[in-house]
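Let's take a walk through this fold, one neighbourhood at a time. Keep the viewer open and follow along.

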Amino acid sequence: MTFDGKRILVLCGRPFVLTGVLIGLMACSVDDASQGGEGGALETARAAVSAAATPSMLHTQNRSIVNASGSVVALRGFNLGAWMTFEKWMSPMDSGSLVDDYAVIQKLDSRFGVATEQSLIKAYQQAWLTTTDLDNVKNAGYNALRVPVWYGDFYAIANISNSGWRADAFDMLDWLVSNAASRGIYVIIDMHGVVGGQGNSDSTGHANQNLYWNDDNNKGNTAWMWWQIASHFKGNSTVAGYDLINEPTGAPNTQAVWDAYNSLYSSIRSADPDHMIFMEGAFGNWNWDMLPPPSQYGFTNVVYEMHEYQFNGTEAQVRSGTDHQVTDFNNHASWNVPGYVGEFNDFGYPGAWTYTKNAYDNAGLSWTMWAYKSTSALNPNHWGWYGPTSWKTTPNISTDSSSAIQSAWQQWQTSSAFAKDTSLGL
């Protein structure tokens, strides 16, 4: 098919030791048909997604993402926020005083032991996201899911070292990738929380740290984590690529971010030469100039990623933010790098959602909105494509029994507790 003048197929080193840590080569929318609104090429795109087989391996070609046949693939979909990285404001994490994923795991470990803690967290994850959710994404014509993860998904929080690597580190990601594959959905693995933390936000999984930038052990353990992830998913065509560090807002300066990206890029490439690598300009001025021309470091097969939020903005300001993303992408056309808006939200402005989708699609930008589902408010809830229809129980991790915690978390399945927010037009 053709869209905006392009042929589009939407298929909706050697390791060494640093401070005792083995690392890998560090140095040296499509609319839902029921909503209507676009028609034409995008209607055809919906049909292509519905008929999609296992996705083929993606790579970059100039300013586009293409599949193994060389057809342009526009990634469009959602973030799986609060699935593998708790965020209290948008999930039933805890009704008590715990502030982040780390605190929840620490409390569960101390109360019930590591085995029960891990079983409880997995019960939550298996309820929060099911194959019904993946069917929702596929059936609405979308083809991409960005999954935020953090170091606590891979390391035991009490032993962040090679020996602390979790035996179940890939269980849930493997489940997602396998079930996404059969539905023609790509998965972007997004490191929301590096070891030590790249900022103070609870979204890193461990709030108020920001200890990554000046600690070689944290850097080494993060690089080895990415090396393990890349080794595990090498050759898996359902994985679109690796998002190195989410919103590195705690960096002391821009050069520190570029150095980190270069190091992590090298670590991944030592294990996996083929997958795309996503690098974020979501810090500092939050624009393309926060990133280097790829030729400066010899980056290949990379995608540059931005995030777009106009908090407390008017609808006009939200639309202006969208226009800025398009203009910024086009102003850097000479870099020959595909653009991806990895997170965005147009809040309670239905017209802005349609405007943004059309603008990004017409510009050739891939995108994933934040987020697939959220408990920040009852439906309609612009923070989630799906919002809760009523309030279920949020457990108190510090006082409830393990069975009560599990029972409460399991109430939050999409099919029984949520409905689509149709006001978004997604």
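Contact, in what follows, means heavy atoms within 4.5 Å. One thing to keep in mind as you look: this is a predicted model.

Start at helix α2, residues 101–112. Its twelve residues reach 16 Å from the first C-alpha to the last, close to the 16 Å expected at 1.5 Å a residue. At the start of α2, a side-chain oxygen of Asp-100 comes to within 3.4 Å of the backbone nitrogen of Tyr-102. At the other end, just after α2, Gly-113 takes a positive phi of about 95 degrees. The buried residues of the helix are Asp-101, Tyr-102, Ala-103, Val-104, Ile-105 and Leu-108. What covers them? The cover includes α3 (114–128), β8 (144–150) and α10 (402–409).

Tyr-102 deserves a click of its own. This α2 residue has 17% relative accessibility, so Tyr-102 counts as buried, the cut-off being under 20%. Leaving out residues up to four places away in sequence, Tyr-102 touches Trp-150, Tyr-151, Ile-157, Gly-205 and His-206. Gly-205 is 103 residues from Tyr-102 along the chain, yet their C-alpha atoms are separated by 5.9 Å.

Now slide over to α3. At 1.5 Å a residue its 15 residues should span 21 Å, and the end C-alpha atoms are 21 Å apart, which agrees. Buried residues in α3 include Glu-117, Gln-118, Leu-120, Tyr-124 and Trp-128. The buried residues of this helix pack against α2, α4 (131–139), α5, α10, α11 (414–417) and β16.

From the helices, move to the strands. Which way do β8 and β9 pair, parallel or antiparallel? They pair in the parallel sense, over seven bridges. Within that pairing, Val-147 has Ile-189 of β9 as its bridge partner. Helix α5 (residues 171–181) joins in too: β8, α5 and β9 make a right-handed β-α-β unit. On to the next pair, where β9 and strand β10 (residues 239–243) are also parallel, with four bridges. There the bridge partner of Asp-190 is Asp-243 in β10. The chain gets from β9 to β10 through helix α6 (residues 216–233), and this β-α-β crossover is right-handed. As for β9 itself (residues 186–193), eight of its eight residues are buried, so the strand is largely enclosed by the rest of the structure.

Strand β13 (residues 339–345) has a similar story to tell. Seven of its seven residues are buried, so β13 is largely enclosed by the rest of the structure. Strand β12 (residues 302–309) runs parallel to β13, and six bridges join the two. One pair to look for is Tyr-309 with its bridge partner in β13, Asn-345. The chain crosses from β12 to β13 through helix α8 (residues 315–331) in a right-handed β-α-β crossover. Next, β13 is joined to strand β14 (residues 366–369) by two bridges, and these strands run parallel. Here Val-341 has Trp-367 of β14 as its bridge partner. Helix α9 (residues 350–363) carries the chain from β13 to β14, and that β-α-β crossover is right-handed.

What about the greasy interior? In soluble globular proteins, nonpolar side chains tend to be buried together. The largest nonpolar core here has 109 residues, and the members that touch the most others are Val-147, Phe-154, Ile-189, Ile-229, Met-279 and Trp-409. Helix α7 (residues 254–271) supplies the largest share of this core, nine residues. Apart from it lies another core, of twelve residues, among them Leu-75, Met-276, Phe-278 and Tyr-340. To see one hub of the largest core up close, pick Phe-154: beyond four places in sequence, its contacts include Val-149, Trp-165, Phe-170, Leu-173, Met-225 and Ile-229.

Finish at Asp-421, in the segment after β16 (418–420). Is this residue buried or exposed? At 3% relative accessibility, Asp-421 counts as buried. Setting aside neighbours within four places in sequence, Asp-421 is in contact with Asn-379, Pro-380, Asn-381, His-382, Gly-384 and Trp-385. Trp-385 is 36 residues from Asp-421 in sequence, and 5.5 Å from it in space, C-alpha to C-alpha.

Note on methods. Residues are numbered from 1 along each chain as its sequence is written. This is a predicted model: local features need pLDDT of at least 70, side-chain atom pairs count only at pLDDT 80 or more; totals for chains, interfaces and linings use all residues. Side-chain values use heavy atoms; hydrogens and water are left out. The expected span of a helix is 1.5 Å times one less than its number of residues. Buried means under 20% relative accessible area, exposed over 50%, partly exposed in between (1.4 Å probe, protein chains only). A polar contact is a pair of N or O atoms within 3.5 Å; within protein, one must be able to donate a hydrogen and the other to accept it, and residues adjacent in sequence count only if both atoms are side-chain atoms. A nonpolar core is a set of buried Ala, Val, Leu, Ile, Met, Phe, Trp, Tyr and Cys residues joined through side-chain atoms within 4.5 Å. Two strands pair if DSSP finds at least two bridges between them. A crossover is right-handed if, with the strands pointing away from the viewer, the path from the first strand over the helix to the second runs clockwise.
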